[in-house]
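Trainee: Could you take a close look at how the parts of this chain are placed against one another? I should like one connected account.

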Amino acid sequence: MTTSAITTQPVAELLAWIACRDHLEHDEWMQVIEEAETEDLRCLADDLRRELHPDNVVTYVVDRNINYSNVCFSVCNFCAFYRKPGHAEGYVLSYEEIYQKVEETLEVGGSGILMQGGLHPDLPMDWYTGLLSELKRRYGIHLHCFSPTEIYGMSKTFGMSYEQVLRELRDAGLDSIPGGGGEILVDEIRRKRRTECNSQQWLDAMEAAHQLGIKTTATMMIGYGETVSQRIQHLEKLRQLQQRSLASGKPGFVSFIPWTFQPDNTPIGKIIPDRMPAEEYLRWLALSRLYLNNIPNQQVSWLTVGLKDGRRGLHFGANDIGSTMIEENVISKAGANHKATEQMLVNVIIEEGFKPVKRKADYTRLS
Ligand code: SF4
């Protein structure tokens with residue numbers, strides 16, 4: 001389809017093609033997000049969610065984000081968490097402190113841990129592998145750790161390929177990888193927001209994980225100054241990588257998690273002080289569900305939009321409500337301070353008409 005044909009296409013026709021599971025061109029998706037009624041987008045995404053998950057289940061996870069270190073050699077102007085190497089407020093948790101956090105997580109029914117940190121310039125590789133193998137030996141839990149930016153950081157620090165880094169981490173006990181640091185995978189905006197890990201490096205680290213059979217999630221952070229076109233380019237890059245991973249028989253991305261930029265205490269928060277309105281987030285949640293129909297699960301980010309709008313997301317294509325997140329230090333420093341217990345998430349899922357099922361970080365169901 002040519003661009004001139006696209007721009008004259010009534011949006012109703014484009015929505016009908018989406019309903020038939022046709023994949024549209026870039027400008028057609030632009031037209032859809034700009035012109036479609038919210039209710040039309042919601043219905044289409046809800047239909048696809050039902051088709052992918054006919055058992056009416058909405059999953060959730062009980063875990064915490066253990067931020068093992070805030071020391072980071074990247075400079076990201078949307079981040080309120082990191083401290084430059086040598087900064088007085090920089091920290092690295094000891095193994096003992098991490099064990100204690102894991103034990104607290106297990107006591108409240110945790111099924112694993114998410115562990116992420118900055119790009120530390122001095123921690124040796126055996127600090128990471130030693131920690132993973134000790135956690136696996138002591139607790140036998142699911143280890144969902146180190147986003148592609150950290151894999152990039154290790155690769156750069158140790159002069160190893162992504163594959164070598166990931167093999168060592170996997171052999172030490174790593175089970176799956178979170179999709180952090182994706183933000184928007186278009187260098188035009190990315191270069192203005194971070195100094196390390198460009199789009200291709202993030203995608204290459206993810207692809208290396210997929211090729212090793214390591215399941216990962218994918219994310220999109222919206223509302224930090226990117227254009228609508230750049231959001232769609234981001235979705236396209238994820239879709240294409242997922243196509244390659246599935247074609248080579250790997251599970252690839254098991255879930256997609258769009259979330260909103262949190263501006264508090266961040267340098268660009270002075271320029272972009274407002275959070276994205278819930279309506280806009282929900283429209284993008286629905287559009288992402290439709291765009292990434294080759295990724296099986298979609299999570300609504302109640303942590304950034306709150307439970308009131310989080311529950312609405314279950315009708316905009318999301319079949320997962322994420323984590324109780326009993327500890328989180330990255331987006332909470334930027335102003336996302338929503339809290340929920342396991343019972344609260346379960347109640348929300350039931351109240352919205354779904355069946356709650358607890359899962360692991362790789363979306364394996366626990367019942
Ligand atoms: S977003 Fe991640 S990579 Fe960027 S400064 Fe913060 S911790 Fe470092």
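Mentor: In this predicted model, the centres of domain 1 and domain 2, taken over C-alpha atoms, are separated by 30 Å. Domain 1 covers residues 1-36 of the protein chain, and domain 2 covers residues 44-358. Nine residues of domain 1 and 10 residues of domain 2 make up the contact. On the side of domain 1 that touches domain 2, the elements giving two or more residues are α2 (11-19) and α3. The largest share, five residues, belongs to α3. By class, this side of domain 1 has seven nonpolar residues, one polar residue and one charged residue.

Since α3 supplies that largest share, its packing against α11 deserves a closer description. Helix α3 spans residues 26-35 and helix α11 spans residues 228-247; their axes come within 10 Å and cross at roughly 125 degrees. An angle of 125 degrees lies between the limits of 115 and 145 degrees, so α3 and α11 are oblique to each other. Their crossing is right-handed. From α3, the residues H26, W29, M30 and I33 take part, and they meet V228, S229, I232 and E236 of α11. Five residues of this contact are nonpolar, two are polar and one is charged. The charged residue is E236, and the polar pair consists of H26 and S229.

A second oblique pair is formed by α4 and α12. Helix α4 (residues 38-52) packs against helix α12 (residues 278-291) at an angle of about 40 degrees, and their axes are 9 Å apart. The crossing of α4 and α12 is left-handed. On the α4 side, the contact is made by T38, L41, R42, L44, A45, L48 and R49, and on the α12 side by E279, R283, A286, L287, R289 and L290. This contact of α4 with α12 holds seven nonpolar residues, one polar residue and five charged residues. T38 is the polar residue, while R42 and R49 of α4 and E279, R283 and R289 of α12 are charged.

The pair α7 and α10 has another geometry. Helix α7 (residues 148-158) and helix α10 (residues 199-211) have axes 9 Å apart and pack at an angle of about 95 degrees. This angle makes α7 roughly perpendicular to α10. P148, T149, I151 and Y152 of α7 meet Q201, W202, A205 and M206 of α10. Six of the residues in the contact of α7 with α10 are nonpolar, two are polar and none is charged. The polar residues are T149 and Q201.

T149 leads on to the ligand, for this residue of the contact of α7 with α10 also belongs to the residues around the ligand. With T149, the shell comprises C72, S74, C76, C79, F81, Y82, G118, L119, G181 and R194. Its residues divide into six nonpolar, four polar and one charged. The charged residue is R194, and S74, G118, T149 and G181 are the polar residues.

Terms used: Residues are numbered from 1 along each chain as its sequence is written. This is a predicted model: local features need pLDDT of at least 70, side-chain atom pairs count only at pLDDT 80 or more; totals for chains, interfaces and linings use all residues. A residue is near a molecule or strand if its C-beta atom, placed from the backbone, lies within 6 Å of it. Axes are lines fitted to C-alpha atoms, for helices over the stretch in contact, and angles run from 0 to 180 degrees between N-to-C directions. Helices (H or I, at least four residues) and strands (E, at least two) are DSSP runs, numbered from the N terminus. Angles under 35 degrees count as roughly parallel, over 145 as roughly antiparallel, 65 to 115 as roughly perpendicular and the rest as oblique. A crossing is left-handed if the near helix is turned anticlockwise from the far one by less than a right angle, and right-handed if clockwise. Two residues are in contact if their C-beta atoms, placed from the backbone, lie within 7 Å. Domain bounds come from an automatic or database domain assignment.
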